[in-house]
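The following account introduces a structure step by step. It begins where two chains meet and then turns to confidence and to strand pairing.

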Amino acid sequence: MEKSTFVYVTFIRTTPEKLWAAITETEVPREFFWATTLHGEIRAGAKWHSTAPDGTVVDGGEILELDPPKRLVLSWQHEMQEEKKAEGVSRMTYTLEPKDGMVKLTVLHEMDRGQSKFIEAVSNGWPVILSSLKTMLETGEALEDTRTW
Amino acid sequence: MQLNGCIMTAMDAVFRALADASRRKLLDALHAENGQTLSELCAHLAMTRQAVTKHLVLLEEANLVAVVWRGREKLHFLNPVPLHEIYERWIAKYERDRLQALSDLKQGLEDNNQHN
């Protein structure tokens, strides 16, 4: 089957536990993620969604796999733009591996269709989000770019 | 101090990896089509399989290339995160529009030249 896949890797000077806490924190605007808020319970099978500061639902899905602080797999569907929503559900995997006193964070985002517009759009977002997450965990402050919607 | 030392080392690896035309070509190939196997990469480049393998290792160490296994296939992906960190470090927010305008101007002029 044709796939659209993007992979991003960043090394963050932190612990897997702190990184896990940052990516699973709910009900607070995330400074590294354009001030969006994650909602839902963090357990396998639970539904999640994220909202913009004005309450608009941005993305949503289900927690498919959960192995703290090592692996988190989410189904992920865009909710704001019809064209991207119509492409259906994508799959997002966070993998956290300790390496040389740092954590190697791999983000794998894939969809079972070629030339996905949604995957192309997130491929521009992930490098910014991950750079900002790294800066936030290492210095205490996220990049200015991602602190507001 | 230790922290700075390590950050420098990671960035050194990125610049070292980029300081080679063959490795930049490999990144171009992945930019054109992401997620290629070693054989696919070799097919488009005038390099031996050994040379490509060696360059890919350096690109992986610099975190410019990420690897994903799909079954028995090893797929290579361009990882733009270190490049974004360089961009964030030296290109301030207010400079972006001017740089984009300059880049558009250059491209426009060069396209015009080709047509004449």
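**The contact and the strands**

In this predicted model, the contact draws 15 residues from chain B and 15 residues from chain A. On the side of chain B that touches chain A, the elements giving two or more residues are helix 1 (2-18), strand 1 (65-70) and helix 5 (81-90) of chain B. Helix 5 of chain B contributes the most to that side, with four residues. Sorted by class, the side of chain B that touches chain A comprises eight nonpolar, four polar and three charged residues.

The confidence of the prediction should be kept in mind here. The model as a whole scores ipTM 0.79 and pTM 0.83. Chain B has an average pLDDT of 85, and 86% of the residues score at least 70. Within chain B, confidence is lowest in helix 1 of chain B, with a mean of 75, and highest in helix 4 (residues 49-61) of chain B, at 96. Where pLDDT is low, the predicted coordinates should not be read in detail.

Attention now passes to chain A. Strand 5 (residues 71-78) of chain A pairs with strand 6 (residues 90-99) of chain A in the antiparallel sense, over six bridges. A:Trp76 stands opposite A:Ser90, which belongs to strand 6 of chain A. Strand 6 of chain A is also joined by nine bridges to strand 7 (residues 102-111) of chain A, and these two run antiparallel. A:Lys99 stands opposite A:Met102 in strand 7 of chain A. Strand 6 and strand 7 of chain A form a hairpin with two residues between them. In the turn, A:Asp100 has a positive phi of about 50°.

Note on methods
Residues are numbered from 1 along each chain as its sequence is written. Chains are lettered from A and ligands numbered from 1 in the order in which they are written. This is a predicted model: local features need pLDDT of at least 70, side-chain atom pairs count only at pLDDT 80 or more; totals for chains, interfaces and linings use all residues. Two residues are in contact if their C-beta atoms, placed from the backbone, lie within 7 Å. Ala, Val, Leu, Ile, Met, Phe, Trp, Tyr, Cys and Pro count as nonpolar, Asp, Glu, Lys and Arg as charged, and the others, Gly among them, as polar. pLDDT is the predictor's confidence in each residue, from 0 to 100. Two strands pair if DSSP finds at least two bridges between them.
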